[in-house]
Amino acid sequence: MAVISRGLEGIIAAETRIGDVRGDIGQLIYCGYDINELAGKVSYEEVVHLLWHNRLPTEKELDKLTTALRAERELPQGVIDWVTSAPKDAAPIDIMRTAVSMLGCYPTIRHDLDMPESHAIAIKLVAQIGIIAAYFHRSRTGKDLPPIRKDLSEAAHFLWLMTGKEPGAEATQTLDVAYVLHAEHGFNASTFTGRVVASTLSDMYSAVSAAIGALKGPLHGGANEGVIHMLQEIGSLDKVDSWIEDALAQKKKIMGIGHRVYKVLDPRAPHLKTMAIKLSEELGDAKWIQMSERIATIMKERKGLNANVDFYSATVYYSLGIPTDLFTPIFAISRMSGWTAHILEQYADNRLFRPLSEYSGAPVGKKVVPIAER
């Protein structure tokens, strides 16, 4: 019997072996691993292998995947030309979405890779998504494009392209852990969007472009940008209490607080909180983390709501010197592994998503009135 569930809440749309979000107990699982078992213990590249192949790689397998990813870092010249000529005031996430779509216009098959084309496309997307974001940022700020390197990890290479400087071990480790924490999150809005497009047997570029479009929304990936904008608007620690009181009185949404699925603490938040505190101490600027902690305390006391992953990731990225409008693109960079894993899974055992709808329009029986008489 058909049921109505707004936002598909509580509806199981498909089975997946990739990840599980257990919101009632605050647990996030990647292929049988609790996120707390992975964060800080394995690299992002190892997580990519885990999500694609359902197991952590051996040294030989990791070397093979790393080599394949680094071999695919060069963007087609046509994409570079478009990225560098795009409007400088464009939103980076829009550049990313459009450039990913453009990648689908170029050949993907590499004869030196012994794998299905869909897997080769997944490697290409994971390898190139960060290049797009970094090259656009360099171009819009009037800086040159650093050459692609093949001796750096995914996280280190992104930092290299952003700054043109050798990335430090601490910054690289911080971003790598952030990538791991954001790689997968069940049937969230963007992942589900990608799977819906893939279920039509459309290509992976189309599915990922759609996923990026879903991620852009402020109720999804755009939330971490909102956290920094909120902190900047508040201005200082002594103004937090009054600002939150006014916001609650006006029923404003407090960005980075609460979660659609987690009824207890988001398991990713403590990892990012620890990194945010450490970065703040190293920079000698504790204002942002102090403000964040005060907001989190008030919201827990007043509303029983916990901080989510966006709340602390915003401070981490800000402390790494990453521009605010690149926060969501970084989310996309890390989530590309999860999106492609889900799309590959959808292709492997496909059924077209075609839900029903409940009609609430006018009763049938209307008659057409001639246009001159309307």
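# Exercises on a predicted model

Tryptophan 339 belongs to helix α16, which covers residues 327-348. The structure is a predicted model, and the exercises below begin with this residue.

## Exercise 1. The setting of tryptophan 339

Determine whether tryptophan 339 is buried or exposed, and state which residues it touches.

Solution.

Step 1. The relative accessible area of tryptophan 339 is 2%. Buried means under 20%, so tryptophan 339 is buried.

Step 2. Leaving aside residues up to four places away in sequence, the contacts of tryptophan 339 are Ser190, Thr191, Val208, Ala211, Ile212, Leu215 and Ala332.

Step 3. As a reference distance, the C-alpha atoms of tryptophan 339 and lysine 60 are 25 Å apart in space, with the two positions 279 residues apart in sequence numbering.

## Exercise 2. The burial of helix α9

Identify the buried residues of α9 and name elements that cover them.

Solution.

Step 1. The buried residues in α9 are Ser190, Thr191, Phe192, Gly194, Arg195, Ala198 and Ser199.

Step 2. The cover over these buried residues includes α10 (204-215) and α16. Ser190 and Thr191, buried in α9, are among the residues that tryptophan 339 touches.

Step 3. Just after α9, leucine 201 has a positive phi of about 65°.

## Exercise 3. The three-stranded sheet

Establish the strand order of the open sheet and find which strands form its edges.

Solution.

Step 1. Strands of a sheet pair through backbone hydrogen bonds, in a parallel or an antiparallel manner.

Step 2. β1 and β2 run antiparallel and are joined by four bridges. Within this pair, aspartate 20 is opposite isoleucine 29 in β2, and glycine 19 has tyrosine 30 in β2 as its bridge partner.

Step 3. β2 and β3 also run antiparallel, joined by two bridges. Here tyrosine 30 has tyrosine 33 in β3 as its bridge partner.

Step 4. The open sheet of three strands therefore has the order β1-β2-β3 with antiparallel pairing. Its edge strands are β1 and β3, each of which pairs on one side only.

## Exercise 4. Positive phi values in turns and loops

Locate the residues with positive phi in the two hairpins, and describe the setting of asparagine 54.

Solution.

Step 1. The hairpin of β1 and β2 has four residues between the strands, and glycine 26 takes a positive phi near 65° there.

Step 2. The hairpin of β2 and β3 has two residues between the strands, and its residue with positive phi, near 50°, is cysteine 31. Cysteine 31 is not a glycine and lies in the loop between β2 (27-30) and β3 (33-34).

Step 3. Asparagine 54 likewise has a positive phi, near 70°, in a residue other than glycine. Asparagine 54 sits in the loop between α2 (44-53) and α3 (59-71). With a relative accessible area of 39%, asparagine 54 is partly exposed.

## Exercise 5. Cysteines and disulfides

State how many disulfides the structure contains, and assign cysteine 31 and cysteine 105 to buried or exposed.

Solution.

Step 1. A disulfide is a covalent bond between the sulfur atoms of two cysteines. The search over the whole structure finds zero disulfides.

Step 2. Cysteine 31 has a relative accessible area of 12% and is therefore buried.

Step 3. Cysteine 105 has a relative accessible area of 66% and is therefore exposed.

## Exercise 6. The two largest pockets

Describe the largest pocket and the second largest pocket by volume, lining and residue class.

Solution.

Step 1. The largest pocket has a volume of about 1,400 Å³. Its lining consists of 43 residues, with Phe187, Asn188, Ala189, Arg260 and Val261 nearest the centre. Two or more lining residues come from each of β1 (19-22), α9 (189-199), α15 (309-319) and α16. The greatest contribution is that of β1, with four residues.

Step 2. The lining of the largest pocket divides into 20 nonpolar, 13 polar and ten charged residues.

Step 3. For the second largest pocket, the volume is about 730 Å³. Its lining consists of 24 residues, and Leu8, Ile11, Arg354, Pro355 and Leu356 lie nearest the centre. The elements that supply two or more residues to this lining are α9 and α16.

Step 4. The lining of the second largest pocket divides into twelve nonpolar, four polar and eight charged residues.

Methods
Residues are numbered from 1 along each chain as its sequence is written. This is a predicted model: local features need pLDDT of at least 70, side-chain atom pairs count only at pLDDT 80 or more; totals for chains, interfaces and linings use all residues. Side-chain values use heavy atoms; hydrogens and water are left out. Buried means under 20% relative accessible area, exposed over 50%, partly exposed in between (1.4 Å probe, protein chains only). Contact means heavy atoms within 4.5 Å. On a 1 Å grid over the protein atoms alone, a cavity is a set of points where a 1.4 Å probe fits but cannot get out, and a pocket is an open set with protein on both sides within 12 Å along at least five of seven lines; lining residues have an atom within 4 Å of a point. Grid points are joined across faces, edges and corners, and a volume is the space filled by probe spheres set on the points. Ala, Val, Leu, Ile, Met, Phe, Trp, Tyr, Cys and Pro count as nonpolar, Asp, Glu, Lys and Arg as charged, and the others, Gly among them, as polar. A disulfide is a pair of cysteine sulfur atoms within 2.5 Å.
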